[in-house]
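Please write a short report on this model. Cover its salt bridges, a surface patch, an internal cavity and one helix.

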Amino acid sequence: MNVKITLRYYSVTCALLLLLSMGVAAQEADNGLSPAALEWMKINGLWRQTPNAAGMLLGDTAVYSELSAGFDTYRGSFRRPEQGDQENNLTFSAEGAEKLKKTYVWGRFDYSRQTLRGALYNASLVDPFRGMPYYVIDQNASDWNNQRYDLAFKAAYPASSKILFGIESSYKAWIGAKQRDIRVDSRFYTTDVKPSVVYSVTPRHHIGFNLHYYNLKEYSEMSVVNLYILQDAYEMYGLGNARKNAGINNGREGVYIGNNVGFGIQYAYDGAVRFLLASDFDKKVEDAQIGQMTPRDEGTVKDVQWRTRLQALYKGQTWSHAFTLEYDYRHIDGIEYVTMLNDSTGWDKLHSDVRSKYRTQRIGGGYTLFGNGSDGYRKQIGLDMMYTKKQDDYLLPASRLDYENLLLTVQAKRNYLLSARLQKRLLVGASVSYNFNLSGNYRYDGNYPDYPSVIGLMQSDIDYLSADYSLGSISATYSQRVNTHSGATAFAKATFTYSRAEEEVLGSRTYLQLSIGCNF
């Protein structure tokens with residue numbers, strides 16, 4: 001079974017299963033589930049926001065389904081160079097939860113068809129921002145046509161009154177194709193599984209634990225259609241350090257294979273104030289190779305991530321309060337190899353050492369005040385903060401990229417009841433953000449400062465990542481019951497976002513999203 005048929009099989013099967021669950025849920029529903037009510041249900045489900053699926057049974061095990069389709073578009077020059085001047089996305093999403101006797105099951109399927117216009121430099125990876133420094137760039141601005149299939153499910157089962165078991169699994173298949181020489185056909189896959197358990201010490205105190213494993217593969221095939229024009233490619237090693245490759249016309253295969261192992265622990269307290277503390281640790285090792293028949297080791301990344309998050313929720317009679325505090329740390333070591341071709345055994349590794357280090361820290365927090373209502377909430381207002389510190393080093397020749405940013409966001413929403421007949425509602429929201437750049441610098445001390453990897457890619461990147469900018473967003477969602485006898489609620493949503501850098505030369509960017517859907 002080829003890749004395209006396999007993807008269609010998985011996507012259609014998942015969609016049909018979710019649509020079937022929607023039909024069951026719709027038959028049992030007494031009241032429509034508006035967008036605000038669905039949002040409020042997910043905010044209340046603290047365990048749903050952790051990798052521990054077993055904990056879903058400690059919250060609201062609501063039976064629901066949501067189906068939506070939409071279109072969104074980006075325009076403007078304030079962006080990272082690989083993102084393109086324009087981006088268009090067609091999206092489809094189906095999500096649902098069902099009770100199967102004692103087992104609570106949740107599933108989701110997302111599909112997007114993405115078109116990038118005028119994307120620069122990236123000539124190998126579907127996602128150039130995923131933390132892989134070993135890839136290929138060129139100087140030809142090009143369109144990219146991408147498709148993404150994301151499937152996920154969770155299941156939770158009560159083994160006893162004190163012990164709950166759960167499992168979460170997901171599968172991703174992303175396909176990307178660069179439309180101009182140097183052309184690229186890239187396929188990216190991940191398979192993810194997270195078994196989990198929760199032990200209830202008392203009815204109010206709960207301890208959770210989960211394991212995490214995923215496998216990653218990406219195959220990137222590069223080719224040239226116009227053989228009369230010699231195409232220069234640059235094999236990246238990090239922070240602008242690159243090797244020029246003038247023979248890419250003969251083709252090149254990039255192979256990426258990675259495995260991740262990790263675990264998470266959680267503690268929750270259910271009282272007048274509910275809170276949940278969760279901490280996760282992951283370590284991924286991913287090898288980058290050139291060629292499949294006689295592979296040559298290009299590099300390896302050891303990617304360590306540690307995430308800790310505290311959530312708290314207090315529900316009063318008139319007002320409710322939600323609070324979050326989080327800390328993320330990521331450290332990537334880039335290992336490079338010295339190899340030699342052996343006619344009998346292929347490429348032999350003669351030497352390896354750590355040549356680059358990439359460190360990211362994020363500290364964030366948020367507070368939201370909700371005005372309680374019969375339909376989720378009447379209104380909300382919130383304040384969020386995110387501090388980011390990035391420090392990347394290429395050890396020899398010494399090069400460095402570092403920056404610090406503080407992003408502040410104020411947001412508000414109001415849920416209006418337009419008519420009691422068919423529960424016609426209008427949910428409007430607005431947010432304003434400002435990014436304060438505290439520091440930012442890029443220094444290259446290699447032998448080729450005029451390479452496009454330095455003066456083009458890296459300089460454009462630091463200009464964006466260390467920019468002061470403002471961002472404003474408005475949204476409106478109209479919803480109503482389909483009819484007086486149905487539990488289904490149809491909705492239409494529009495969102496518009498505008499961001500602008502303080503430096504005029506960096507420009508601005510707009511985002512428009514339109515979607516329609518139905519909640520059951």
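Aspartate 181 is buried, at a relative accessible area of 7%. Buried means under 20% relative accessible area, exposed over 50%, and partly exposed in between (1.4 Å probe, protein chains only). The side chain of aspartate 181 meets that of arginine 183 in a salt bridge, 2.9 Å from N to O. Arginine 183 counts as partly exposed, at 29% relative accessibility.

This is a predicted model, in which local features need pLDDT of at least 70, side-chain atom pairs count only at pLDDT 80 or more, and totals for chains, interfaces and linings use all residues. Residues are numbered from 1 along each chain as its sequence is written, and side-chain values use heavy atoms, with hydrogens and water left out.

**Salt bridges**

A salt bridge is a side-chain nitrogen of Lys or Arg within 4 Å of a carboxyl oxygen of Asp or Glu. By this rule the count is 29 salt bridges. Three of them are set out here.

| Pair | N to O distance | Relative accessible area |
|---|---|---|
| Arginine 117 and aspartate 143 | 2.8 Å | 35% and 25% |
| Arginine 183 and aspartate 181 | 2.9 Å | 29% and 7% |
| Arginine 330 and aspartate 303 | 2.5 Å | 22% and 2% |

Aspartate 303 and arginine 330 form a salt bridge. The pair links distant parts of the chain, with aspartate 303 in strand β13 and arginine 330 in strand β14 (residues 319-342), 27 residues apart. Helices (H or I, at least four residues) and strands (E, at least two) are DSSP runs, numbered from the N terminus. Aspartate 303 is buried, whereas arginine 330 is partly exposed. Both belong to a network of salt bridges that also links Arg130, Glu218, Lys284 and Glu286.

Arginine 117 pairs with aspartate 143. This pair also links distant parts of the chain: arginine 117 is in strand β3 (residues 103-119) and aspartate 143 in strand β5 (residues 142-158), 26 residues apart. Arginine 117 is partly exposed. So is aspartate 143.

**Surface patch**

Which residues form a nonpolar patch on the surface? They are Phe209, Leu211, Phe263, Ile265, Phe281 and Trp306, with about 530 Å² of accessible area together. Patches are made of residues with over 30% relative accessible area and no salt bridge; like charges are joined within 9 Å, nonpolar side chains (Val, Leu, Ile, Met, Phe, Trp, Tyr) within 5 Å. Areas come from the Shrake-Rupley method with a 1.4 Å probe, and for residues only the protein chains shown count as cover. β8 (205-223) and β11 (252-269) are the elements that give two or more residues to the patch. Tryptophan 306 lies in strand β13 (residues 296-315). Tryptophan 306 is partly exposed, at 37%.

**Cavity**

A cavity is a set of points, on a 1 Å grid over the protein atoms alone, where a 1.4 Å probe fits but cannot get out; lining residues have an atom within 4 Å of a point. Four cavities of 30 Å³ or more are counted. The second largest cavity has a volume of about 60 Å³. β9 (233-238), β11 and β12 (273-290) give two or more residues to its lining. Among the lining residues are Tyr134, Tyr135, Glu235, Arg252 and Glu298. By class, the lining has six nonpolar, two polar and three charged residues.

**Helix α2**

Helix α2 (residues 35-44) is mostly covered, with seven of its 10 residues buried. Those buried are Pro35, Ala36, Ala37, Leu38, Trp40, Met41 and Asn44.

Notes. On a 1 Å grid over the protein atoms alone, a cavity is a set of points where a 1.4 Å probe fits but cannot get out, and a pocket is an open set with protein on both sides within 12 Å along at least five of seven lines; lining residues have an atom within 4 Å of a point. Grid points are joined across faces, edges and corners, and a volume is the space filled by probe spheres set on the points. Ala, Val, Leu, Ile, Met, Phe, Trp, Tyr, Cys and Pro count as nonpolar, Asp, Glu, Lys and Arg as charged, and the others, Gly among them, as polar.
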